[in-house]
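This briefing goes through selected features of one protein structure, grouped by topic. The sequence and the coordinates are displayed first, followed by the notes.

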Amino acid sequence: MNATDLAADRVDLARYPIDRPDSPEGRALVDTCRAQLAENSCANLTGFLRPEALAAMKEEALALEGMAYRQDGRRNAYFTLDDPALAQDDPRRRYWHYRMNQLAGDAIPAGTGCRALFEWAALTEFFRRILGYAALYPMADEFQNLNLIYLHAGHHQPWHYDQGEFAVTLLLQAAQEGGDFEFVTAIRSEEDENLEGVAAAIDGRHPGLVRPARDAGTLTVFRGMYALHRVSEVAGERPRITAVLSYDGRPDRIATDRENIHIYGPRVAAVLEARRAQQRL
Ligand SMILES: O=C(O)CCC(=O)C(=O)O
Ligand SMILES: [Fe+2]
């Protein structure tokens, strides 16, 4: 089987005809996803992965976790430092202690199901169509392009906005309890941070909170720059595992070494240092 077949083999193509974008079913799928994205920033494709593919990809992810960076930090929804000049109850002063294990893309080998799907041209084309880009590429940055995130009991991803215009997640294993993806669509805009709305979401009293049903095998496309979102605390033995696939309208965007070391920790610092040493020879 070639790489394309390997990727295509993992997806329930009868339900999601990604491989036939110009067929009536393919067009209908694109239209449905576009409408979902327009309505609430999110297209949620349950049962996207075939069961055997899901099982294999979960095992691949579990085998790689040893290389993940164990993040343990404190942050607010804006990734900013505390500003004591703001009122005590300002949502910008709400900080959470969080832990999560995150694996950078350089450690996810070619030949894994996640990478095969990430690099499958038909899937990129599908995202391009539903998101309305003139061009779209798998992100060039070797660390940020494809990630695996493991949330164990007590772990969560606090409320935040994404830096990128959209992200794609594949849920490879759901938590026993918790680990829900929750968001409020378009809670802020370019003109208005809507701090009152943000405070309401954080306090669990925002009427617009959405919690899409996501079993393992679900693919979710999410516009997270203006939609505040989080993953609630995980409980139970089984870690929640997601693959995060990143794309870009430009084929060549890469992050600085400093940023990648900050996100992915000492393993990536060592990879970059070894490379610099090699170049000095
Ligand atoms: O894992 C998820 O469902 C969402 C993760 C997320 O929001 C992120 O990685 O920025
Ligand atoms: Fe996010």
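In strand β14, Arg-240, Thr-242 and Val-244 point one way, while Ile-241, Ala-243 and Leu-245 point the other way, and all of them are buried. The model is predicted. The notes below cover β14 and its partner strands, the iron site, a helix pair and the salt bridges.

**Strand β14 and its partners**

- Strand β14 covers residues 240-245, and 6 of its 6 residues are buried, so the strand is largely enclosed by the rest of the structure.
- Strand β5 (residues 146-151) runs antiparallel to β14 and is joined to it by 6 bridges.
- Within β14, Leu-245 stands opposite Leu-146.
- Strand β7 (residues 167-173) also pairs with β14 in the antiparallel sense, here over 5 bridges.
- Ile-241 in β14 has Gln-173 as its bridge partner, and Ile-241 is among the buried residues of the strand.

**Iron site**

- The iron ion (ligand 2) has three protein donors: NE2 of His-160, OD of Asp-162 and NE2 of His-229, lying 2.1 Å from the ion.
- Along the chain, the donors of the iron ion (ligand 2) follow the spacing H-x1-D-x66-H.
- His-160 has a relative accessibility of 8%, so this donor counts as buried, the limit being under 20%.

**Helices α7 and α8**

- Helix α7 spans residues 257-264 and helix α8 spans residues 266-280; their axes come within 7 Å and cross at roughly 145°.
- On the α7 side, the residues in contact are Asp-257, Asn-260, Ile-261 and Tyr-264.
- On the α8 side, Pro-266, Val-268, Ala-269, Leu-272 and Arg-276 meet them.
- Sorted by class, this contact of α7 with α8 consists of 6 nonpolar, 1 polar and 2 charged residues.

**Salt bridges**

- The structure has 23 salt bridges.
- Side chains of opposite charge can pair when their charged atoms come close.
- Glu-125 and Arg-129 form one of these salt bridges, with 2.7 Å between the closest N and O atoms.
- Both residues belong to helix α5 (residues 121-131); because they are 4 residues apart there, about one helical turn separates Glu-125 from Arg-129.
- Glu-125 is partly exposed at a relative accessible area of 25%, and Arg-129 is partly exposed at 21%.
- Glu-125 and Arg-129 also belong to a network of salt bridges that links them with Asp-22, Arg-27 and Arg-128.
- Another salt bridge joins the side chains of Arg-211 and Glu-182, at 2.7 Å from N to O.
- This pair links distant parts of the chain, 29 residues apart: Arg-211 is in the loop between β10 (209-210) and β11 (219-222), and Glu-182 is in strand β9 (residues 181-184).
- Arg-211 counts as partly exposed at 49% relative accessibility, whereas Glu-182 is buried with a relative accessible area of 5%.
- Arg-280 forms a salt bridge with Glu-273, and the closest N and O atoms of the pair are 3.3 Å apart.
- At 59% relative accessibility, Arg-280 counts as exposed because the limit for that class is over 50%.
- Its partner Glu-273 is partly exposed, with a relative accessible area of 36%.

How values were computed: Residues numbered from 1 in each chain as written. Chains lettered and ligands numbered in written order. Predicted model: local features only at pLDDT ≥ 70, side-chain atom pairs only at ≥ 80, totals over all residues. Heavy atoms only, no water. Donors = N, O, S within 2.8 Å, 3.2 Å for Na, K, Ca; no water. Buried < 20%, exposed > 50% of the residue type's maximum accessible area, 1.4 Å probe, protein only. Axes fitted to C-alpha atoms, helices over the stretch in contact; angles between N-to-C directions. Helix = DSSP H or I, 4+ residues; strand = E, 2+ residues; numbered from the N terminus. Contact = heavy atoms within 4.5 Å. Nonpolar A, V, L, I, M, F, W, Y, C, P; charged D, E, K, R; others polar. Pairing = 2+ DSSP bridges. Salt bridge = Lys/Arg side-chain N within 4 Å of Asp/Glu carboxyl O.
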